[in-house]
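User: I should like a close look at one short part of this structure, followed by an account of how the rest of the model is built around it. Please begin with the part itself and work outwards.

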Amino acid sequence: MTADRVELRPGFYRDSVTLLQASEAIATSAGVEAALIAMATPLNLELYERLAFEAAAVASATPNDLLIAVRAEDEPALERALALLEARFTAQVAVATVGFGVPEPPHTTAAALRRGGTLSLISLPGAHAFVEAMDAVQAGASVMLFSDNVPVEQEIRLKDEAARHGVLVMGPDCGTAVVGGLGLGFANVLRPGPVGIVAASGTGAQQVSCLLDAAGVGVTAVLGTGGRDLSAAVGARSTLAAMELLDKHPGTELVVVLSKPPDPKVAERVLAAAAALDTPALVAFVGRGQRDLTAVTADVISALGRPVEPPTEWAAPYDRHPRAGAIRGLFSGGTLCDEAMAIAADTLGAPIHSNTPLQAEWQLGADLRSRGHLMIDFGDDQLTQGRAHPMIDPSLRLERIAQEAADPTCAVLLLDIVLGYGSHADPATPFAPALRRARELAAADGRDLAVVVALVGSAGDPQGRDATAQALVAAGASVHLSNAAAARVAVELVGGADR
Amino acid sequence: MAQRRFFPGWASTSIGGVITGSVRTGTVIADGPAASYVALPEDDDTPDLLLGLLAPDAVRLPIGMCVLEGPLPPRGTTVHVGEGHIVAGRHTWQPVRWWDPRPRLDVAALFAHADLLIDAVDAEPAGSFGLPLPVALAVAGALAHADAHPAYGVLGLGPGLTPTGDDIVAGACAVLAIAGRLDDSLRAALDAHAHTRTTALSAALVAAAGRGEMIPQAARLLASVAAGEPRADVAAAARSLFAVGSTSGHDLAAGLAGALKAAS
């Protein structure tokens, strides 16, 4: 006598591969005469009836139930078949729930790409990055090369190889990118929108995209190119390729190209390429005598026909009176540092000493000892070897804050704090007490140390942009979404031209 | 300072309105290793609105949000969706990126190069489709001529989560919707039929296809065809669609090809 088992499992979903394989395994197992394992849709119920299973057993079935119907020659065969079925279901789950079903990781970049994928993010120490990046490019994938300290000759070879394979190399030293809806590296939470950004400057791109986000304008993509891309040697290889990609992208209504001052001949090529795009394009070279990133953002907003409002700022809880002394700028973002130096140098007409100076004679010594106005880019290659980027690890800047607070010639501390994925999970926690202590230390010495912070982030960033700003204000800082505005306030505080 | 903790996700713009709208409460009606499906009740007789929380390696369904960190909520979990978040128990997911499941294509070029798609589908072994290819092409072709009866005959046919018949209908609807050739009344009739004849997920995907929404592999294939890419490139795009599911990718492709051929 045959034995039947019919079962309905509401909401039990397995993909069709699993169901088909399970059905097949059951149907061919010893002693099984008929088996149907399928969602209980009307058409599948017709099949069920044709197999002469009991109709009453499925009277309550809905299409969202998994129907399991097995007929075997006897009870033991039926039990064996059902046990086999359960083993199939649980085996699938067991494999699939480990890290969401990720199988054993591949051993090489090209092997990983053979499993699918068109983009590879490489974040190895610079000395080892080239081999993996080349592997990815030759496997036909675009590369975001987060690593710094990659020699320029290797960068050129990579980018030439990328051109041959029709892919893009973003980097080296590419800090941020938004590609196909994914944020890579240091990425802010940005709304989707019509602007495509090509940037040879990570924090520059973050500043512009966050200011756009605050103005209600989103991005289609942010394609980093690496800080050296517009040098004479590299010749804008990635910038030109990225502009072309965005030009072809139907959702991009405006292409924005951002770079520190490029090589003049390269600049001409980029401007000519921008003019030849079908999509309107706006090219901004940030530096002395140029429009700052906030002004560029305003241009973008205007170009889209939106009203331009000044970026948000949170005032410090004390008067903004000028005081004697120097500005000490401690930056994590290279472009933000450059922008602040350009504004300070243009307004104050005094040297701004730096590890990445605007003029060679303003170079700081290797000990970075303070003299006069000073701005340090803690994200510079020289300072990041063997340690995390200052956007992640605040320790060098925290030490320096304490050091500057003790220096009687320091009148204004100027900092950038960059939010978003990849950055420190809660920068207010280390920085707010450090800034409060710095002000207290200076006050004990009879000085009113002003603290000005450029807060680069979007309202959606995981750190909580507004809460971070409020914590910094409570510690005695004025906080500005615009780095340029922060720099101007710092200049004004040391008696420079008013804003 | 108390920090709000949440996990990032990336979501289809198809469900953007639901996620960013006012908060609604629903239930996980089904779970699997790679996805959990949440049903949000609608007013009156409208079917529940369905959205999927997808593991990163799951197929990017047009009604889905991919999440990097889980765990995915099990069946029966109460889920709140709205004001930019999806909240289940102690987990909150927030979309930080969006993708548009509707490809933007040059429709005239798509029709002009229709043969590329038909040839790619024809080249597949007969056994790779859930239903015989001539049947699939006929169902899709009839839809292109506003005849839904063959489609009614296959909705809900097949074992899986998205039965074979539904995949064919979805493929056909998607390409017709993109081309502006899917009549509203036909679409409504198909939706109503799917609502009672197939799984809630599959019905939601047929409805999404009627809005021109599709999985990225299908969108990429149509883009490749519309661009008139070399045959080898179209074949490569087709292979990545064929790789979806057991027969789903093939059935979707058959639906796309059948409708495109009949509408050209």
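Analyst: In this predicted model, Ser29(A) touches Ala81(A) and Leu84(A), leaving aside residues up to four places away in sequence. Ser29(A) belongs to the loop of chain A that runs between α1 (16-27) and β2 (32-39). Is this loop residue buried or exposed? Its relative accessibility is 19%, and because the limit for a buried residue is under 20%, Ser29(A) counts as buried.

Other loop positions in chain A offer a contrast. Gly349(A), in the loop between α11 (334-348) and β15 (353-354), has a relative accessibility of 66% and therefore counts as exposed. Gly349(A) and Gly496(A) are 147 residues apart in sequence, while their C-alpha atoms are 9.1 Å apart in space. Ala52(A), placed in the loop between α2 (42-50) and β3 (65-72) of chain A, also counts as exposed, at 56% relative accessibility. The backbone at Ala52(A) has a positive phi of about 65 degrees, although the residue is not a glycine.

Chain B has a position of this kind as well. Glu83(B) is a residue other than glycine with a positive phi, near 50 degrees. Glu83(B) sits in the loop between β6 (78-82) and β7 (85-88) of chain B, and at 59% relative accessibility it counts as exposed.

A further backbone feature is found in chain A, where Gly171(A) and Pro172(A) are joined by a cis peptide bond with omega of about 5 degrees. Pro172(A) is part of the loop between β6 and β7 (176-179) of chain A.

That β6 strand of chain A, residues 169-170, is also among the elements that cover the buried residues of helix α8(A). The remaining cover includes α6 (152-165), β9 (192-199), β10 (219-224), β11 (254-259) and α9 (264-276) of chain A. Which residues of α8(A) are buried? They are Ser238(A), Thr239(A), Ala242(A), Met243(A), Leu246(A) and Asp247(A). As to its geometry, α8 of chain A comprises twelve residues, 237-248, and at 1.5 Å a residue it should span 16 Å. The C-alpha atoms at its ends are 17 Å apart, which agrees with that expectation.

A helix of chain B may be examined in the same terms. Helix α11 of chain B, residues 248-263, has 16 residues and should span 22 Å at 1.5 Å a residue; its end C-alpha atoms are 22 Å apart, in agreement. Of these 16 residues, 14 are buried, so α11(B) is largely enclosed by the rest of the structure.

The nonpolar interior comes next. The largest nonpolar core has 115 residues, and within it Val169(B) and Leu190(B) touch the most other members. Helix α6 of chain B, residues 164-178, supplies the largest share of this core, with nine residues. Beyond residues up to four places away in sequence, Leu190(B) touches Leu143(B), Ala148(B), Ala151(B), Tyr152(B), Leu155(B), Val169(B) and Cys173(B). There is also a second, separate core of 52 residues, which includes Cys210(A), Val219(A), Leu254(A) and Ala345(A).

The packing leaves some enclosed space. How many cavities of 30 Å³ or more are there? The count comes to three, and the largest cavity holds about 60 Å³ of space. Its lining is formed by Ser332(A), Pro390(A), Met391(A), Pro394(A), Arg397(A), Ile417(A), Val418(A), Ser423(A), His424(A), Pro427(A) and Phe431(A). By character, the lining of the largest cavity divides into seven nonpolar residues, three polar and one charged.

These parts belong to two chains that can be described in overall terms. Chain A contains 16 helices and 19 strands, and 54% of its 499 residues count as buried. Among contacts in chain A between residues at least 6 apart in sequence, 72% join residues at least 24 apart. Chain B contains eleven helices and eight strands, and 57% of its 264 residues count as buried. For chain B, residues 24 or more positions apart account for 69% of the contacts with a separation of 6 or more.

To return to the starting point, Ser29(A) is a loop residue that counts as buried at 19% relative accessibility, with Ala81(A) and Leu84(A) as its contacts beyond residues up to four places away in sequence.

Key: Residues are numbered from 1 along each chain as its sequence is written. Chains are lettered from A and ligands numbered from 1 in the order in which they are written. This is a predicted model: local features need pLDDT of at least 70, side-chain atom pairs count only at pLDDT 80 or more; totals for chains, interfaces and linings use all residues. Side-chain values use heavy atoms; hydrogens and water are left out. Helices (H or I, at least four residues) and strands (E, at least two) are DSSP runs, numbered from the N terminus. The expected span of a helix is 1.5 Å times one less than its number of residues. Buried means under 20% relative accessible area, exposed over 50%, partly exposed in between (1.4 Å probe, protein chains only). Contact means heavy atoms within 4.5 Å. A nonpolar core is a set of buried Ala, Val, Leu, Ile, Met, Phe, Trp, Tyr and Cys residues joined through side-chain atoms within 4.5 Å. On a 1 Å grid over the protein atoms alone, a cavity is a set of points where a 1.4 Å probe fits but cannot get out, and a pocket is an open set with protein on both sides within 12 Å along at least five of seven lines; lining residues have an atom within 4 Å of a point. Grid points are joined across faces, edges and corners, and a volume is the space filled by probe spheres set on the points. Ala, Val, Leu, Ile, Met, Phe, Trp, Tyr, Cys and Pro count as nonpolar, Asp, Glu, Lys and Arg as charged, and the others, Gly among them, as polar.
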